[in-house]
Amino acid sequence: MNTPSELKYTKDHEWIKIEGNVATIGITDFAQGELGDIVYVDVDTVDDDLNGGDVFGSVEAVKTVSDLFLPIAGKVIEFNSELEAQPELLNTDPYGDGWIIKLEIADGADQSELLSADDYKAIIG
């Protein structure tokens, strides 16, 4: 199971990479493995201001649909348009080309719920 140590994680199996006031967000290797073959990614929240914990989209796999939860508050500024034609990037490269959104982090956004790689590994076993 791949869990890069430079990223932060959520108990809902999203990862977040914070660079300045912009965060890149996707689903973890564990999550894509549990979902199976991903066939569609739906994000209709670009330009929306959302709170941490809000649903920002969904991922559809062959057998299930799973909501995507925002790790911290901010404004969704970009959707990875590559996922429209290649949703399987979430399976093959969840921490690279399979990123889902970019977020402009809200001032004072609470990051206390974010998990380290070790904390996340403890949750997933």
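**Legends to close-up views of the predicted model**

**View 1. The span from residue 22 to residue 104 in the predicted model.** The C-alpha atoms at the two ends of residues 22-104 lie 5 Å apart. Of this span, 18% is helix and 42% is strand. The UniProt record, an unreviewed entry, assigns the feature "domain: Lipoyl-binding" to residues 22-104.

**View 2. The whole protein chain, with four helices and nine strands.** From the N terminus onwards, the elements of the protein chain succeed one another in the pattern β-β-β-α-β-β-β-β-β-α-α-β-α. The radius of gyration of the protein chain is 13 Å, close to the 14 Å given by the globule rule for 125 residues, and the chain is therefore as compact as a globular protein of that length. Along the principal axes, the C-alpha atoms of the protein chain fill a box of roughly 40 × 35 × 20 Å.

**View 3. The open sheet of six strands.** The strands of this sheet are arranged in the order β1-β2-β3-β9-β8-β5, and their pairing is antiparallel. Its edges are formed by β1 (8-9) and β5 (49-50), each of which pairs on one side only.

**View 4. The pairing of strands β2 and β3 within the six-stranded sheet.** Strand β2 comprises residues 14-19 and strand β3 residues 22-27. The two strands run antiparallel and are joined by six bridges. At one position in this pairing, K17 has T24 in β3 as its bridge partner.

**View 5. The open sheet of three strands.** Here the strand order is β4-β6-β7, again with antiparallel pairing. Strands β4 (38-42) and β7 (65-69) are the edge strands, and each pairs on one side only. Neighbouring strands of this sheet are turned against each other by 25° on average, direction ignored.

**View 6. The pairing of strands β6 and β7 within the three-stranded sheet.** Strand β6, which covers residues 55-61, pairs with β7 in the antiparallel sense over five bridges. Within this pair of strands, V55 stands opposite F69 in β7.

**View 7. The largest pocket and the residues of its lining.** Empty space is revealed by rolling a probe the size of a water molecule over the atoms. The largest pocket has a volume of about 260 Å³. Its lining consists of 16 residues, and those nearest the centre of the pocket are T10, K11, L70, P71 and E113. By residue class, the lining of the largest pocket divides into eight nonpolar, three polar and five charged residues.

How values were computed
Residues are numbered from 1 along each chain as its sequence is written. This is a predicted model: local features need pLDDT of at least 70, side-chain atom pairs count only at pLDDT 80 or more; totals for chains, interfaces and linings use all residues. Side-chain values use heavy atoms; hydrogens and water are left out. UniProt positions are given in the numbering used here, feature names are shortened, and annotations may be inferred rather than shown by experiment. Two strands pair if DSSP finds at least two bridges between them. Axes are lines fitted to C-alpha atoms, for helices over the stretch in contact, and angles run from 0 to 180 degrees between N-to-C directions. On a 1 Å grid over the protein atoms alone, a cavity is a set of points where a 1.4 Å probe fits but cannot get out, and a pocket is an open set with protein on both sides within 12 Å along at least five of seven lines; lining residues have an atom within 4 Å of a point. Grid points are joined across faces, edges and corners, and a volume is the space filled by probe spheres set on the points. Ala, Val, Leu, Ile, Met, Phe, Trp, Tyr, Cys and Pro count as nonpolar, Asp, Glu, Lys and Arg as charged, and the others, Gly among them, as polar. The radius of gyration is taken over C-alpha atoms; the globule rule is 2.2 Å times the number of residues to the power 0.38.
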